[in-house]
Amino acid sequence: MSLSRHNGILNIEDCAVPALAEQFGTPLYVYSRAAIESAWRAYDQAFADRDHLICYAVKANGSLAILQLLARLGSGFDIVSGGELARVMEAGGDPGRVVFSGVGKTEAEIVQALDVGILAFNVESEAELERIAAIALRKGLEAPVSLRVNPDVDARTHPYISTGLKENKFGIDIHRAEAIYRQAAAMPGIRVTGLDFHIGSQLTELDPLADALSRSLSLVDRLGDTGIGLAHLDIGGGLGIRYEDEQPPTPADLAERLAPLLADRPQRLLMEPGRALVGEAGLLLTRVEYLKPGHRDFAIVDAAMTDLLRPALYDAWQRIENAEPVDAEPRLYDIVGPVCESADTLGRARSLALVPGALLAIHGAGAYGFVMASQYNARPRPAEVLVDGDRAHLIRERESLEALWSGERLLEMP
Ligand code: LLP
């Protein structure tokens, strides 16, 4: 594990967390290179006995240095925008290993993806299929297409991050997919290459995934009967991490569970993990500014919902710990930020020993942390540091005040 304690001081790899906060300031995102690489390798090894490609879901953490690490391991990428595609390319990722998901791909994004030659579009509607076909034809190209089916299974996770039910906006109803595959196979400008699903995030059980896969495989069989062969199957992402006391399945559990379903299937297996590769590799460091005792005891810290949105948006629980010993009695504190919103709470009723200036580490912050940060209340976004053994690399500077208004224009006043 990349986190350890020495004399009560939290370490990430061989760096003392308080020294990182001292050097780079707070709030600060800190990631472990070893944790990211070993999570990726665990996935890769779990599926080593079949042709497969891990397409890291860039939305979980799109920092260039992290994409660069994964690209060097040979990773593919799952993107949901032209911006994410540009990031992947900037970091040295291979566009030939990119799958493009998302319900709202614009003309410009489709052109961009066709120009660089991505592996597949995960198509989420008939209208999108027609748009991709028209653009590809105009360019004299064939667009590689995989239909994202909505298998109508309950992922049994938080409703905001559940995507595989009929009432969700994602994917094509699996009962209609066969007809649309037939249409797609006959369309000039389209090359049908695969089938894809993603049923939700922070999954702690494998049954819903296995269920989605077997429903998809019956569709693959029906397609095969009509002469439509697929080159790949994409099972999406979604494996959970341990925020509190969850016992999420490992990639090896996933591989073992799916193996009987996939036996004798010639297709290359694609997967799109995000959180499981980076989530536990990251901490958000924050310092206590003030203690405010009263009806509830508040600890007001220098990080906010603008830096880590998950607690405010999903009522998510993330572990908060002292990064070094503090000489005070533990009390139950609400850990809150300075933003003018009651939702600006990072943790409620946490037992912590605090004094002003105490340094806290919020765990599980590597995924859906910095990427969801905003500048609300004109707060510059935090810096990011990647730790590699005893070395700490600044991979993103703290945003400057000037950057807050870059691109803005004052009116010309007489
Ligand atoms: N593939 C697709 C098509 C997705 O929509 C997602 C996540 C993933 C892969 C990666 O899922 P993961 O392996 O990370 O679970 N902001 C929320 C999570 C939103 C997930 C959206 N889609 C959170 O902080 O919990």
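How many bridges join strand E2 and E3, and in which sense do they pair? Two bridges, in the antiparallel sense. This tour shows where to find them and what to select afterwards.

Before you start: this is a predicted model, in which local features need pLDDT of at least 70 and side-chain atom pairs count only at pLDDT 80 or more, while totals for chains, interfaces and linings use all residues. Residues are numbered from 1 along each chain as its sequence is written, and side-chain values use heavy atoms, with hydrogens and water left out.

**Stop 1: the sheet**

Select residues 9-12, which form strand E2. Strands (E, at least two residues) and helices (H or I, at least four) are DSSP runs, numbered from the N terminus. E2 belongs to an open sheet of three strands, ordered E1-E2-E3, with antiparallel pairing. Pairing requires at least two DSSP bridges between two strands. Add E1 (3-6) and E3 (15-16): these are the edge strands, each with a single partner strand, so one side of each has no neighbour in the sheet. Now pick Ile 12. Its bridge partner in E3 is Cys 15.

**Stop 2: Lys 59**

Move to Lys 59, in the loop between strand E5 (52-57) and helix H3 (64-73). An unreviewed UniProt entry annotates Lys 59 as "modified residue: N6-(pyridoxal phosphate)lysine". Such annotations may be inferred rather than shown by experiment; feature names are shortened and positions follow the numbering used here.

Is Lys 59 buried or exposed? Neither: Lys 59 is partly exposed, at a relative accessible area of 31%. Buried means under 20% and exposed over 50%, with partly exposed in between (1.4 Å probe, protein chains only).

Show its contacts (heavy atoms within 4.5 Å). Beyond neighbours within four places in sequence, Lys 59 touches Asp 78, Val 80, Glu 84, Tyr 368 and Val 371.

**Stop 3: H4 and H5**

Select helix H4 (residues 82-90) and helix H5 (residues 107-116). Their axes come within 9 Å and cross at roughly 30°. Axes are lines fitted to C-alpha atoms, for helices over the stretch in contact; angles run from 0 to 180 degrees between N-to-C directions. H4 is therefore roughly parallel to H5, a label for angles under 35 degrees (over 145 is roughly antiparallel, 65 to 115 roughly perpendicular, the rest oblique).

Display the side chains. Gly 82, Leu 85, Ala 86 and Met 89 of H4 meet Glu 109, Gln 112, Ala 113 and Val 116 of H5.
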